[in-house]
Amino acid sequence: EDFSGTSMVSIKWVLSRAGRKAWALDNDPEVFDWAYKMHIPNLSSEQKEALQLRLQDVLKVDEASPPIPNCDVICANNYSWQCFKEAAPMKSYFEGVLKGLNDCGIFVVDIFGGRDTRKESREDITTHEITLNDGSSGKFTYVYEQMNVKLETHDMDIGVNFEFSDGSCMTHAFRYSWRVWPMTEVQNLMYEVGFSKVEIYKDWSDEQGLYRHGKTPISLEEWNKFVADEEYVSAYVVARK
């Protein structure tokens, strides 16, 4: 995730069953420092052996040393793969993923769309209570911001802000520049590089408002209708080798 800064997806994989291994790739040493500080110390020695954090450009995995073996599952979560805005690097990325999968392996990414992704916005998402260094209590609000939306290219910048109860604000603590890829283009590129099947699993909210992941694939036509009709919609795309 982003591509694997916190390494939590890889850690969850290792913890899910004995004998599983994971390689977490990212090109930013600072985020891996966070993973080593916050998450890796909680693992047993065997689990640490099963996990590798590799500072690596995902477009140059062939150059990795030592080599990274083929995997059963490759994933890029939190929409981070959409940092590739042009077809050529995206195709190169998909080709590398396909080459890096074992037979019958799967590639999993998440995708989003909807009417609200076509306009600039700023929205309070959640408020959290925290304990400050002096022991007093405080609050911060996670504020999501969409900027520089370009309808003709599907490009946008996203900012994550934290507003604190003392009136201060951490502006653009995280900032992303993405292309909100149309699903049709994603599917076409995946099939073009050689994936045998591409499925869409739409996310949804239950009666309690809890976020759920779909278990039954929907068609491309159904997804495109959701994108046209709903304010915001997200899904997992599963491409099979």
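This report describes how three helices pack against each other and against a mixed sheet in a predicted model.

**The sheet**

The sheet is open and contains 5 strands, arranged in the order β3-β4-β11-β9-β10 with mixed pairing. Its edges are formed by β3 (71–76) and β10 (211–213), and because each of these has a single partner strand, one side of each is left without a neighbour in the sheet. On average, and with direction ignored, neighbouring strands of this sheet are turned by 20° against each other. At the β3 edge, β3 and strand β4 (residues 101–113) run parallel and are joined by 5 bridges; I74 has F107 in β4 as its bridge partner.

**Helices across the sheet**

Helix α4 lies across β3 and β4, and its direction makes an angle of about 145° with β4. Helix α6, in turn, lies across β4, β9 (197–205) and β11 (233–240), running at about 155° to β11.

**Helix pairs**

Two packed helices are described by the angle between their axes and the distance between the axes. The table gives these values for the pairs that involve α5.

| Helix pair | Angle | Axis distance |
|---|---|---|
| α4 (residues 87–99) and α5 (residues 183–193) | about 50° | 9 Å |
| α5 and α6 (residues 220–229) | roughly 150° | within 10 Å |

With an angle of about 50° between them, α4 and α5 are therefore oblique to each other, and their crossing is right-handed. On the α4 side the contact involves A87, M90, K91, F94, E95 and L98, which meet V186, L189, M190, E192 and V193 of α5. Sorted by class, the residues of this contact of α4 with α5 comprise 8 nonpolar and 3 charged residues, with no polar ones.

The axes of α5 and α6 cross at roughly 150°, which means that α5 is roughly antiparallel to α6. Here M183, T184 and Q187 of α5 meet L220, W223 and N224 of α6, and the residues of the contact of α5 with α6 divide into 3 nonpolar and 3 polar, with no charged residue.

**Overall picture**

Taken together, α5 packs with α4 at an oblique angle and stands roughly antiparallel to α6, while α4 lies across β3 and β4 and α6 lies across β4, β9 and β11. Strand β4 is thus named in the contacts of both helices with the sheet, that of α4 and that of α6.

Definitions and conventions. Residues numbered from 1 in each chain as written. Predicted model: local features only at pLDDT ≥ 70, side-chain atom pairs only at ≥ 80, totals over all residues. Heavy atoms only, no water. Axes fitted to C-alpha atoms, helices over the stretch in contact; angles between N-to-C directions. Helix = DSSP H or I, 4+ residues; strand = E, 2+ residues; numbered from the N terminus. Parallel < 35°, antiparallel > 145°, perpendicular 65-115°, else oblique. Left-handed = near helix turned anticlockwise from the far one by under 90°. Contact = heavy atoms within 4.5 Å. Nonpolar A, V, L, I, M, F, W, Y, C, P; charged D, E, K, R; others polar. Pairing = 2+ DSSP bridges.
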